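User: I am in my first year and would like a close look at a single part of this structure, with each step explained. Could you start with the cysteines and then go on to the parts around them?

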Amino acid sequence: MASSAATIRAHMERLVRGMTELRHDGRFDEPNLDGSAGDYISFDSWEWPQGVGLYGLVRLWLYTGDAGLRATIEAWYERRIDAGLPPLNINTTAPMLALSLLWRETRDPRWEKPLAEWAERVMRDLPRTPEGGFQHDVSDKVNDDELWDDTLFMAGLFLACYGSAAAKPELVQEAQRQFLVHSRYLADPQSGLWFHGWTFAGRHNFARALWARGNAWITVGILDLIELCDVAEPLRSYLLGIWETQVEALLKLQVPSGAWRTLLDDPSSYEEMSATAGFGYGLLKAARLGFGPQACGAAGGRALEAVLTNIGADGVLGNVSYGTRMGHDLQFYRDIPIQPTGYGQALAILCLTEGLIHAQQKEEGKAA
């Protein structure tokens with residue numbers, strides 16, 4: 001039985017609280033290239049998990065109009081910008097996506113300069129692979145000549161959103177180019193799913209891992225790219241075709257609980273909730289917008305129920321795999337530890353927001 005709008009709202013309130021209260025407990029020691037401490041868990045840190053988390057919060061604010069939530073988001077950016085931004089890489093670009101979406105709606109002048117300067121540096125300074133892809137360098141590692149799924153969400157969507165909002169078509173064009181280059185090397189024509197990464201140095205897809213969260217970045221990323229900027233034909237149809245092919249494969253791999261496994265095609269790997277939330281968001285959104293197979297809505301609803309089941313009383317989403325580097329064998333992915341994270345919270349918030357829209361529409365339809 002599908003959860004009510006009231007049930008989804010109650011879980012959402014706990015999720016938001018759980019995310020803003022996340023703190024690093026010292027379990028993981030991942031120093032940055034410059035020797036400073038890396039923090040991929042605490043809410044009050046500028047990194048990719050927090051960037052994804054803020055995107056979830058801004059999307060929720062756009063739907064609810066909650067003034068307190070907006071104040072929380074704006075206070076976070078004010079603190080972090082005043083403290084000084086970190087060095088540029090793919091992952092430190094992630095928080096700029098939510099900021100660009102916030103600025104698109106509010107036009108608050110506080111955010112104009114950091115957005116413009118960061119976009120200029122992305123275009124000028126990010127290392128490139130052959131064929132002009134963004135090399136997936138991160139805060140603690142340089143990944144020479146490597147393309148990763150994650151890049152499209154962490155950097156591509158920012159250029160698309162900010163470029164569209166700021167009337168800078170060259171940024172939008174670059175974002176779309178990145179989706180083309182990455183789809184050429186990461187989309188598996190045999191399965192319809194996406195590999196985690198590609199190296200030009202060895203010209204291979206590493207472990208050829210059909211990793212769930214990497215695929216979720218694509219399910220979310222293609223739909224949100226089309227929403228955040230004008231994608232003209234024939235690129236729009238091309239990307240939606242790749243997206244629908246991926247979704248057809250995903251529908252066959254959803255397990256009875258409503259979840260997906262961390263290696264999508266490997267029954268021995270664990271069920272993973274951040275990817276399940278991302279898929280749920282994408283499938284529910286597609287059903288609302290009229291994209292994809294007819295089964296999207298029902299599959300997205302099952303994913304939503306799986307996510308709700310995994311939200312604890314403390315508002316933390318359970319069974320989320322920790323940040324996942326490039327694996328050279330499949331066992332690497334099976335062994336990634338479970339850890340509460342900002343991106344797990346955020347993808348769940350996105351999923352519940354879409355679920356709330358569906359639930360409210362259904363309840364309003366019955367009332368009418």
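Analyst: In this predicted model, a sensible place to begin is Cys161, whose sulfur lies 8.9 Å from the closest cysteine sulfur, that of Cys229, which is too far for a bond. To see why that distance matters, recall that a disulfide is a covalent bond between the sulfur atoms of two cysteines. The cut-off used here is 2.5 Å between the two sulfur atoms, and the 8.9 Å separating Cys161 from Cys229 is therefore too far. Cys351 gives a similar picture, because its closest cysteine sulfur, in Cys296, is 13 Å away and so also too far for a bond. A search of the whole structure finds zero disulfides. Both of these cysteines are also hidden from the surface: Cys161 has 0% relative accessibility and counts as buried, and Cys351 likewise has 0% relative accessibility and counts as buried.

The numbering then leads from Cys161 to helix H6, which covers residues 150-165. Helix H6 has 16 residues and reaches 23 Å from its first C-alpha to its last, close to the 22 Å expected at 1.5 Å a residue. Even so, helix H6 bends by about 35° at Gly156. Helix H6 is mostly covered, with 15 of its 16 residues buried. Just after helix H6 comes Ala167, which takes a positive phi of about 55°.

Helix H3 offers another view of how a helix can sit in the structure. Helix H3 runs over residues 67-83, has 17 residues, and reaches 24 Å from its first C-alpha to its last, close to the 24 Å expected at 1.5 Å a residue. Its buried residues are Leu69, Ile73, Glu74, Trp76 and Tyr77. Seen down the axis of H3, these buried residues fall within an arc of 150°, so they line one face of the helix. That buried set packs against helix H1 (5-20), helix H2 (48-64) and helix H4 (95-106), while on the other side of H3 the residues Ala67, Asp82 and Ala83 are exposed. The two ends of H3 have details of their own: at the N-terminal end Asp66 acts as a cap, with a side-chain oxygen 2.8 Å from the backbone nitrogen of Gly68, and after the helix comes Gly84, whose phi is positive, near 100°.

Finally, some of the loops deserve attention, because most residues other than glycine have a negative phi, and most peptide bonds are trans. Glu131, which is not a glycine, has a positive phi near 70°, and it is found in the loop between helix H5 (112-125) and strand E1 (146-148). With a relative accessible area of 39%, Glu131 is partly exposed. Arg208 also has a positive phi, of about 55°, although it is not a glycine; its place is the loop between strand E2 (197-199) and H8, and Arg208 is partly exposed, with a relative accessible area of 47%. A peptide bond of interest is the one from Glu233 to Pro234, which is cis, with omega near 5°, and Pro234 lies in the loop between helix H8 (212-228) and helix H9 (235-253).

Methods:
Residues numbered from 1 in each chain as written. Predicted model: local features only at pLDDT ≥ 70, side-chain atom pairs only at ≥ 80, totals over all residues. Heavy atoms only, no water. Buried < 20%, exposed > 50% of the residue type's maximum accessible area, 1.4 Å probe, protein only. Helix = DSSP H or I, 4+ residues; strand = E, 2+ residues; numbered from the N terminus. Expected span 1.5 Å × (residues − 1). Arc of directions from axis to C-beta. Contact = heavy atoms within 4.5 Å. Polar contact = N/O pair within 3.5 Å; in protein donor to acceptor, adjacent residues only side chain to side chain. Bend = angle between axes of the 7 residues up to and from the residue.
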